[in-house]
Amino acid sequence: MKMTIKTVFHFGLLMCLPFLLQAQQPSSKVSNRNYHNPVLKGLYADPDIIFSAKTGKFYLYPTSDGFTNWTGTYFKAFSSSNLVNWKDEGVILDLPKNVSWAKIRAWAPCIIERKINGVYKYFFYFCGEQKIGVAVSDNPAGPFIDMGKPLIDKRPEGITKGGQTIDPDVFLDPQTGKYYLYWGNGYMAGCELNDDMVSLKMETLKELTPDKTFREGTHVFYRNGQYYFMWSQNDTRDPNYCVRYGTASGPLEKISIPTNNLVVFKDSTAGIFATGHNSTIQVPEKDEWYLVYHRFNYPNGINMGREAGYNREVCIDKMEFNADGTIKQVQPTHAGIKPVKQLLR
């Protein structure tokens, strides 16, 4: 075969084409194809989640992230029928517009649905300027109306540990029908809520700090006669930020710590770091549980230094239990979960 200069050029170009095309692909350690984590587009953290009996949907309430030094000012809600596909419901509470006592540092919300006199009400507990407030709505996607003053604005008397008045968690005890609020950074405090849901029974206040690993992000749930307390260890800027847990015989009782109490931890080989500040969700009428948490933004967060602590994203992975009720350590993934199936309303 006679090879001309032109033929050699075309042949060489053809051989190099696959490599040229590969070089033009976006550089990322993990393909987005068939991956569900993060579950929300954009930067969010400190997720709380509920299932609404009123609408038959799941609702996710995070901190709006990506603001230098955690200076966000608003909260959004997201809805889903399957925990995978999420709809942005928009801003449900804006501190500068809707809150008189705080204008900045909108952090770590939590929410609960309660039916009162046949009407569903939603009580949204949130942080603003290192204080905790509560806003109320008739709908899980708001809008919410702030009560006009903080519910908690300082460390409880008798608690000498340092830390901020942040990170509320609200819990319904299915055994008694009573509602409780937990909070604290550096300490864990717990207290029963009054029936109005916007004030505390201060005579029930207890310090519940489990051990030295406690930093923040209390989350409480109930399963098979056991009260589970979760919390985050380390600083949210630390790649080793993680979740631990203990159990108790009641919502304000002493927390016992299992030998292996790690719930979720980084996976360096997958580029997943700082897995913490979580909530959980049970699929209604099923013993099917999921862990909702935040991590450093992937793949850039690990290289951002301090800024990684306010450039986070929300993920969901399956949570399972051993036969004795202890929690199996959750493997953080990029794949996330498959769409859940729930009973029709």
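This passage walks through the pocket, the cavity, the salt bridges and some backbone details of a predicted model.

A good place to start is the largest pocket, which has a volume of about 800 Å³. Its lining is made up of 29 residues, and those nearest the centre are I50, F51, I112, L172 and I281. Five elements give two or more residues each to this lining, namely β1 (44–52), β5 (107–116), β9 (169–172), β13 and β17 (276–282). Of the elements, β5 gives the most, with six residues. By class, the pocket lining divides into 19 nonpolar, five polar and five charged residues.

The model also holds cavities, and the count comes to two of 30 Å³ or more. The largest cavity has a volume of about 60 Å³. It is lined by 13 residues, with D48, P168, T218, H277 and N278 lying nearest its centre. Strands β1, β5, β13 and β17 each supply at least two residues of this cavity lining, and these four also appear among the elements that give two or more residues to the lining of the largest pocket. The classes in the cavity lining are four nonpolar, six polar and three charged residues.

Strand β13 deserves a closer look through one of its residues, H219. This histidine sits in β13, which covers residues 216–223. H219 counts as buried because its relative accessibility is 6%, under the 20% cut-off. Two polar contacts of its side chain can be picked out. One, at 2.8 Å, joins H219 to the side chain of T280, and another, at 3.4 Å, reaches the side chain of D169. Once neighbours within four places in sequence are set aside, the residues in contact with H219 are D169, Y228, F229, M230, N278, S279 and T280. One of these, N278, is also among the residues nearest the centre of the largest cavity.

Turning to charged pairs, the count comes to eleven salt bridges. One of them pairs D46 with R312, and the closest N and O atoms are 4.0 Å apart. D46 belongs to strand β1 and R312 to strand β19 (residues 312–319), so this salt bridge ties together parts that lie 266 residues apart in sequence. Both partners are buried: D46 has a relative accessible area of 8%, and R312 has one of 3%. The pairing does not stand alone, since salt bridges that share partners join D46, D65 and R312 into one network.

Strand β19 takes part in a further salt bridge, in which the side chains of R295 and E313 meet at 2.8 Å, N to O. Here R295 comes from strand β18 (residues 289–296) and E313 from β19, so the pair ties together parts 18 residues apart in sequence. R295 counts as buried at 1% relative accessibility, and E313 is likewise buried, with a relative accessible area of 4%.

The salt bridge between D138 and K121 has a distance of 2.7 Å, N to O. It links D138, in the loop between β7 (131–137) and β8 (145–146), with K121 in strand β6 (residues 119–128), and the two are 17 residues apart. In this pair both residues are partly exposed, D138 with a relative accessible area of 36% and K121 with 26%.

Finally, the backbone has some features worth pointing out. Most residues other than glycine have a negative phi, and most peptide bonds are trans. Against that background, a cis peptide bond joins N37 and P38, with omega about 0°. P38 is found in the loop between α1 (5–23) and β1. Another cis peptide bond, also with omega about 0°, joins Y298 and P299, and P299 is placed in the loop between β18 and β19.

Positive phi values occur at D167 and M197. For D167, which is not a glycine, phi is about 60°. D167 lies in the loop between β8 and β9 and counts as buried, at 4% relative accessibility. For M197, phi is near 70°. M197 is found in the loop between β11 (189–192) and β12 (206–207), and it too counts as buried, at 0% relative accessibility.

Technical notes: Residues numbered from 1 in each chain as written. Predicted model: local features only at pLDDT ≥ 70, side-chain atom pairs only at ≥ 80, totals over all residues. Heavy atoms only, no water. Buried < 20%, exposed > 50% of the residue type's maximum accessible area, 1.4 Å probe, protein only. Polar contact = N/O pair within 3.5 Å; in protein donor to acceptor, adjacent residues only side chain to side chain. Contact = heavy atoms within 4.5 Å. 1 Å grid on protein atoms, 1.4 Å probe; cavity = no way out; pocket = protein on both sides within 12 Å on 5 of 7 lines; lining within 4 Å. Points joined across faces, edges and corners; volume = space filled by probe spheres on them. Nonpolar A, V, L, I, M, F, W, Y, C, P; charged D, E, K, R; others polar.
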